[in-house]
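Q: Please take a close look at one strand of this protein chain and describe how it is paired, how well it is covered, and which side chains it brings together. I would like one connected account.

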Amino acid sequence: LKHGHSLYEELIAVPLIVLLPGGASAGTVVTDPVSLLDLAPTLYRFAGMDVPESIRSAAEPWTFGNAAGDRLPVVENWRDGDAMNSGPQRALVDWPRKLIEYGRTQTTELFDLARDSREQSPVLDPVGTLRMIGLLDSLLGSPDPDREAAPVDPALLEKLKAMGYVH
């Protein structure tokens, strides 16, 4: 069962509705992007339980008031890409920027999700694009063995290593 053919937000950003006992937090709407990785820690906290270290995330339960620098990058990987001309795709969200990399055409698109949540107008930022490609390659490895890794912010890389995302 497939529901899409790309890594654009309109196909991968889906609503999540949670009904908590006693109507706790009824009517709360969170518009910040979150990950399913945030769900288990949030449910632990709502249950009044300590969150196991092994499943902690950077987000607080349903507040997501973290400064942009506190958000962890989110990686998406779609290997079955054969629609259109894109082939396999990879994406990285390092809020507010999102990079989509198209395997078959070896092209990328960079978006500013805070200004363009519908991903209609790619951002022209070669330095930012190279930084995002470098971060994506550091997390997933490069699909092109001949491509040299672009420099990655050392502080962000250390944060990811400390959490076990990068070795």
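A: What follows is a description of strand β3 and its surroundings. The model is a predicted one. The protein chain has four helices and four strands, and along the sequence these run in the pattern α-α-β-β-β-β-α-α. Of its 167 residues, 32% count as buried.

Strand β3 covers residues 97–102, and five of its six residues are buried. On one side of the pairing scheme is strand β2, residues 89–94, which runs antiparallel to β3 over six bridges. One of the partner pairs is A91 with I100 in β3. The connection is a hairpin, with two residues between β2 and β3.

The other pairing is with strand β4, residues 107–112, again antiparallel and again over six bridges. Here R97 has D112 in β4 as its bridge partner. The hairpin of β3 and β4 has four residues between the strands, and in it Q106 takes a positive phi near 50°.

The side chains come next. Seven salt bridges are counted in the model. In one of them, the side chain of K98 meets that of E9, with 2.7 Å from N to O. This pair links distant parts of the chain, since K98 is in strand β3 and E9 is in helix α1, 89 residues apart. K98 has a relative accessibility of 0% and therefore counts as buried. E9, at 18%, also falls under the 20% limit, so E9 counts as buried too. Both charged partners of this salt bridge are thus on the buried side of the cut-off.

A second salt bridge involves the neighbouring strand in the pairing scheme: D94 is joined to R131, and their closest N and O atoms are 3.1 Å apart. Because D94 lies in strand β2 and R131 in helix α3 (residues 126–140), the pair ties together parts that are 37 residues apart in sequence. The two ends are covered to unlike degrees: D94 is buried, with a relative accessible area of 10%, whereas R131 is partly exposed, with 28%.

On the β4 side, D112, the bridge partner of R97, has a salt bridge of its own. Its side chain meets that of R115 at 3.9 Å, N to O. D112 is buried at 10% relative accessible area, while R115 is exposed at 77%. Salt bridges that share partners also join E9, K98 and E119 into one network, and in this way K98 of β3 belongs to a group of three residues.

For context, the wider chain can be described briefly. Among contacts between residues at least 6 apart in sequence, 41% join residues at least 24 apart. The accessible surface comes to about 10,700 Å², and 56% of that surface belongs to carbon and sulfur atoms. Away from the charged pairs, L16, V18 and L43 make a nonpolar surface patch of about 230 Å². V18 sits in the loop between α1 (9–12) and α2, and at 34% relative accessibility V18 counts as partly exposed.

Note on methods:
Residues numbered from 1 in each chain as written. Predicted model: local features only at pLDDT ≥ 70, side-chain atom pairs only at ≥ 80, totals over all residues. Heavy atoms only, no water. Buried < 20%, exposed > 50% of the residue type's maximum accessible area, 1.4 Å probe, protein only. Pairing = 2+ DSSP bridges. Contact = heavy atoms within 4.5 Å. Areas by Shrake-Rupley, 256 points an atom, 1.4 Å probe, with all protein chains shown as cover. Patch = residues over 30% accessible without salt bridge, like charges linked within 9 Å, V, L, I, M, F, W, Y side chains within 5 Å. Salt bridge = Lys/Arg side-chain N within 4 Å of Asp/Glu carboxyl O.
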